[in-house]
Amino acid sequence: MSVNILAIGDICGDPGLNFLERRLKGIRSEYNIDFVVVNGENANVVGITPRQADAIFRAGADVITLGNHTWTRTELQPYLDERKRILRPANFGPQCPGRGIEVFHTNFGDVCVLNLLGRFTLDGNTDNPFVIADGFLEEIREKIILVDFHAEGSSQKRAMGYLLDGRASAVWGTHTHVQTSDAEVLPKGTGYITDLGMTGPVHSVLGIDPEQSIGKFLGDPPRRYESASGPCKLEGCIFEIDPETGRCLRAEGIRIQ
């Protein structure tokens, strides 16, 4: 019997978090979802607080992944050490709080989740994610392996997908907040999508109030980002996986409003 894994794109501010809280449990039931990974990178618009992480777990997430704003909220650092179900990118230095890879026990077998951060334009002081991923995949023995690659460039993400094709069950991209149309199963059996999209305001610029974003490009003075208002959406991808082989059978992007 196959299992359904739901990966959900970046939660954007309170609107995205509130929408997730209202809808995720119903989505799990409607789509027969067995395991949920949520990127919580922008739950606080920039970064995430422990309170917001707890809310994502209560909403029905099994694992939270992060990205380039991991260290924006300093109060998150002890939380990363205390909670094994929230991951920061594995290619941060080993002295950093938390972990970037973890194995989770489920009723359909063990699930390994790996979180990585791209280096192109993100200015992160990180190790090479391709070298790190290649090394980890040599050691992982679990059948179901899920990889969230938080990166800017679509070429990076697709290259990571092919590097791990046949070695991971699913590889997806996060960070750009725009869902791509390439959900697919790669030739050797890995589910893939370049970017999951985001969970937050529909009428926005990546979750932010459009007028503020326009002002930034016109040269307005910097100010704290503000979430847009109005109706929200949840974007992500469902990966149907054979737990016996770890191979992906189907990958389908979803958008729910």
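# A tour from a buried ion pair to strand 13

Select D195 and K157 to begin: D195 is buried, and K157 is buried as well, where buried stands for under 20% relative accessible area, exposed for over 50% and partly exposed for what lies in between, with a 1.4 Å probe and protein chains only. The model is a predicted one, in which local features need pLDDT of at least 70 and side-chain atom pairs count only at pLDDT 80 or more, while totals for chains, interfaces and linings use all residues. Residues are numbered from 1 along each chain as its sequence is written, and side-chain values use heavy atoms, with hydrogens and water left out.

**Salt bridges**

With D195 and K157 still selected, display the closest N and O atoms of their salt bridge, which are 2.8 Å apart; the term requires a side-chain nitrogen of Lys or Arg within 4 Å of a carboxyl oxygen of Asp or Glu. Because D195 lies in the loop between strand 11 (191-193) and strand 12 while K157 belongs to helix 5, this pair ties together parts that are 38 residues apart in sequence. Helices (H or I, at least four residues) and strands (E, at least two) are DSSP runs, numbered from the N terminus.

A search of the whole structure finds 16 salt bridges. For another of them, select R167 and E138, whose side chains meet at 3.4 Å, N to O. R167 lies in the loop between helix 5 (154-163) and strand 9, and E138 in helix 4 (residues 129-139), so the pair ties together parts that are 29 residues apart in sequence. Both ends are partly exposed, R167 with a relative accessible area of 26% and E138 at 48%.

Move next to R83 and D54, where the closest N and O atoms of a salt bridge are 4.0 Å apart. Since R83 sits in the loop between helix 3 (76-82) and strand 5 (86-87) and D54 in helix 2 (residues 50-59), this contact joins parts that are 29 residues apart in sequence. R83 has a relative accessible area of 33% and is partly exposed, as is D54 at 25%. Add E82 to the selection to see a network of salt bridges that links D54, E82 and R83.

**Two buried aspartates**

Select D148, found in strand 8 (residues 144-150). Which side chain of opposite charge is nearest to D148? It is K157, 7.9 Å away, and the buried D148 has no salt bridge; in this count Lys and Arg are positive and Asp and Glu negative, with His and the chain ends not counted. The side chain of D148 does make a polar contact of 2.6 Å with the side chain of T65, that is, a pair of N or O atoms within 3.5 Å in which, within protein, one must be able to donate a hydrogen and the other to accept it, residues adjacent in sequence counting only if both atoms are side-chain atoms.

D182 comes next, in the loop between strand 9 and strand 10 (184-185). With a relative accessible area of 17%, D182 is buried, and its side chain is joined to that of T180 by a polar contact of 2.8 Å.

**Aromatic rings**

A search of the whole structure finds four aromatic pairs, counted when rings of Phe, Tyr and Trp (its six-membered ring) have centres within 6.5 Å, with planes under 30 degrees apart called stacked, over 60 edge-to-face and the rest tilted. Select W172 and F239: their ring centres are 5.7 Å apart and their planes at 25 degrees, so the pair is stacked. W172 in strand 9 (residues 170-174) and F239 in strand 13 (residues 232-241) are 67 residues apart, and the pair thus links distant parts of the chain. W172 is buried at 1% relative accessibility, and F239 is buried at 0%.

**Strand 13 and its partners**

Extend the selection to the whole of strand 13, where 10 of its 10 residues are buried. One side carries C232, L234, G236, I238 and E240, and the other K233, E235, C237, F239 and I241.

Now show the strands that pair with strand 13, a pairing being called when DSSP finds at least two bridges between two strands.

- Strand 1 (residues 3-8) pairs with strand 13 in the antiparallel sense over six bridges, and V3 stands opposite I241.
- Strand 12 (residues 198-201) is antiparallel to strand 13 over three bridges, with K233 as the bridge partner of G200.
- Strand 14 (residues 248-256) pairs with strand 13 in the antiparallel sense over eight bridges, and R250 in strand 14 stands opposite E240.

End at G246, in the turn of the hairpin that strand 13 and strand 14 form with six residues between them, where G246 has a positive phi of about 80 degrees.
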